[in-house]
Amino acid sequence: MEYIRFENVIPNVFAHRNDIFSDIWLKDVEFVKGQKYLIEANSGTGKSSLGSFLFGYRNDYTGTITFDNLDIHSFSKKKWCDLRRKQIAFLWQELRLFPELTALENVAIKNNITRAQKKKTILEWFDMLGIGDKTESLVGKMSYGQQQRVALIRALCQPFDFIFVDEPVSHLDESNSDLMGVLLASEVERQGAGVIVTSIGKRMQMNYDKIFRL
Amino acid sequence: MKLVWKLLRQHISPFQLIGFILANLIGMVVILLGVQFYSDIQAIYNGEDSFMKDDYVIINKKTSMMSSLLGGANGFTDNEMNDLRRQSFIEDVGMFTPSEYEVSASFHMRGITKFSTEMFFESVPDKFIDVKSDKWRYNEGDTRIPIILPQNYLDLYNFGFAQSKNLPKISESLLGILTLRISITGNGRNDVYDGKIVGFSSRINTILVPESFMLWANGEYSSNAKVTPARLILQVNNPTDEKLTTYLSEHNYMTDTEKLDASKTTFMLRVIIGIVLAIGAVICLLSFFILTLSIYLLVQKNSEKIQNLLLLGYTVAKVSLPYQMLAMGLNLTVLFFAFAILFIVRNLYLEIFTSFFPNFVPSSIVPALLTCSVLFILSSVMNFMVIKQKVSRLLI
């Protein structure tokens, strides 16, 4: 997948508002593979909606979103499953980890279907992000900051053309946030992928090609 | 898959599943027992050498006092016979043709008449006759007429008359070498033939001559127009078929046997088994709903986990699989126990059957096997679809 294009898109909840001043809503915007984008937003401007649309989790919008000129409205459930395994990776703001599984199991449950990373690499990433001793801990017992790091590792356990990371460092200190930025950037670089990062204040450090205000 | 199962087994309620197993087990046992019991009972009615088995039924019209007095026609018309032939439960219809001439038979030994009687002949098409003999044929001009007597004539003599008078019993083969003098009178002629007894029929209770002889002789010795047959022999698929009994009674036809009484018993049995099967089916259906509701509840309680798995890229089929396997496992468990119970109960009633009917050969277990396979496949397929649909609805 080379392009994600937004044409005149607006979430249904904003449809009756005429005070929308956004770089994305109701505009024609294109995200290109290999580029890094930052979307800065205030609360309640539809940031999570944007992610949900891109990931086929919701479709309550008007306008057209296309992946390489294909309207994503027409995608079947099966097509979305394929996309989520092979083309778009996602780090949810609410993480969507399984609290009853350990940190490593949470990553394995994704890697088992993609077979994208070796266990050695995964363990190295745990070490790199400073949670090497937490692999066998239940996610439900970990702090939110630690969970954010587990969620990032899980998101990277797949091939992707684009990765969408929704407020990835909201609960991290600067040094940990930078470490995540480095890991993300290196994997994005390796895969030649595009990255879309959102932030409502604290931003992950990266060399962004373009910054949007939502 | 282990991890997925670890997630999805959360919230499984053993009580609900045991409830389903018990309910479904009861329904399944009722259905399987009903089917198997019915097929075992059918073996009694339709067994190869069963006392109730007879594929031929002889019918005549009811003779009422009025018709006797008024001399009303008691024969079957062509329309009536055609109607009989059209019935699905009747395979073939054969006419009894009576002799239209006078017949007397005598038995001579060393030129002296030992025995002489007036008698009559009847004929039916050869395929309805249960005696197979190569002597059973008549060509025009033959002076020899083969004759078949009812088996019970011989029995009556051997076990009744001969027994009480201390006379020797007569075998079929001994009678076969005797020659009867058959004198036929009619149409102003009188001819003598040799009668040879070629066999005894337990199916047809009359003195039979080949149809070819009868047709020729009726033309030769009688000037009467063709008469309608008073008796018919029917070849039927199943003499216990209640459709046959109903048809015969509706048309005021009588049979000479009580064979058809079996049909009333079978009919009642069918009604009872039908009711039992319906009850079993209702219980099974209800238990299926219990399982469906349990699974709905389970999917609902685990909906967040299922959604997250789907968002990780798991396909609907993959996420549905653990629950589908669970449903299939439960169905298999029920099947296993249902069969065990069927086996035990069947052995009990077969013992009783065998004590009543020593020659009884039970039917195979195939009917129950088929039924449970069909039920298993049906419920599993429905479970599979219901689960997949429910899981699939969790995402747009």
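**A walk through chains A and B**

Let us begin with chain B, which has 12 helices and 11 strands; here helices (H or I, at least four residues) and strands (E, at least two) are DSSP runs, numbered from the N terminus. The model is a predicted one, in which local features need pLDDT of at least 70, side-chain atom pairs count only at pLDDT 80 or more, and totals for chains, interfaces and linings use all residues. Residues are numbered from 1 along each chain as its sequence is written, while chains are lettered from A and ligands numbered from 1 in the order in which they are written.

Of the 396 residues in chain B, 30% are buried. A residue counts as buried if 20 or more other C-beta atoms lie within 10 Å of its own, as exposed if 12 or fewer do, and as partly exposed in between, with C-beta atoms placed from the backbone. Contacts tell us about the chain's path too: two residues are in contact if their C-beta atoms, placed from the backbone, lie within 7 Å. In chain B, 81% of the contacts with a separation of 6 or more are between residues 24 or more positions apart.

A good place to pause in chain B is the hairpin formed by β4(B) and β5(B), with two residues between the strands. Arg110(B), in the turn, has a positive phi of about 50°. The two strands, β4 (residues 102-109) and β5 (residues 112-119) of chain B, run antiparallel and are joined by seven bridges; strands are said to pair if DSSP finds at least two bridges between them. Within this pairing, Phe107(B) has Phe115(B) of β5(B) opposite it. None of this puts β5(B) inside the protein: the number of buried residues among its eight is zero, so the strand lies largely in the open.

Now turn to chain A, which has six helices and nine strands. Its 214 residues are 42% buried, and of its contacts between residues at least 6 apart in sequence, 78% join residues at least 24 apart.

The strands of chain A include two open sheets. One has four strands with antiparallel pairing, in the order β2-β1-β4-β5. Its edges are β2 (28-32) and β5 (70-71) of chain A, each pairing on one side only. Inside this sheet, six bridges join the antiparallel strands β1 (residues 3-11) and β4 (residues 61-67) of chain A, and Phe6(A) stands opposite Ile65(A) in β4(A).

The other open sheet has five strands with parallel pairing, ordered β6-β7-β8-β3-β9 in chain A. Here the edge strands are β6 (88-91) and β9 (210-213) of chain A, each with pairing on one side only, and the twist from one strand to the next averages 15°. For one parallel pair, look at β3 (residues 36-40) and β8 (residues 194-199) of chain A, which share five bridges; Lys36(A) has Val195(A) in β8(A) as its bridge partner. Helix α5(A) lies across β6 and β7 (162-166) of chain A, at about 175° to β6(A). Such angles run from 0 to 180 degrees between N-to-C directions, with axes as lines fitted to C-alpha atoms, for helices over the stretch in contact.

This same helix takes us to the largest nonpolar core, to which α5(A) gives the largest share, six residues. A nonpolar core is a set of buried Ala, Val, Leu, Ile, Met, Phe, Trp, Tyr and Cys residues joined through C-beta atoms within 7 Å. Of the 58 residues in this one, Ile153(A), Phe162(A) and Ile163(A) touch the most other members. Beyond its neighbours within four places in sequence, Phe162(A) has contacts that include Met1(A), Ile4(A), Phe31(A), Ile88(A) and Ile196(A).

Helix α4 (residues 119-128) of chain A shows two sides. Its buried residues are Ile122(A), Trp125(A) and Phe126(A). They lie on the same side of α4(A) because they cover an arc of only 105° around the axis, the arc being that of the directions from the helix axis to the C-beta atoms. Lys120(A) and Asp127(A) are exposed on the other side. The cover over the buried residues includes α3 (103-114), α5 (144-156) and α6 (174-191) of chain A.

Finally, the two chains meet where 21 residues of chain A are in contact with 16 residues of chain B. On the chain A side, α3(A) gives the largest share, seven residues.
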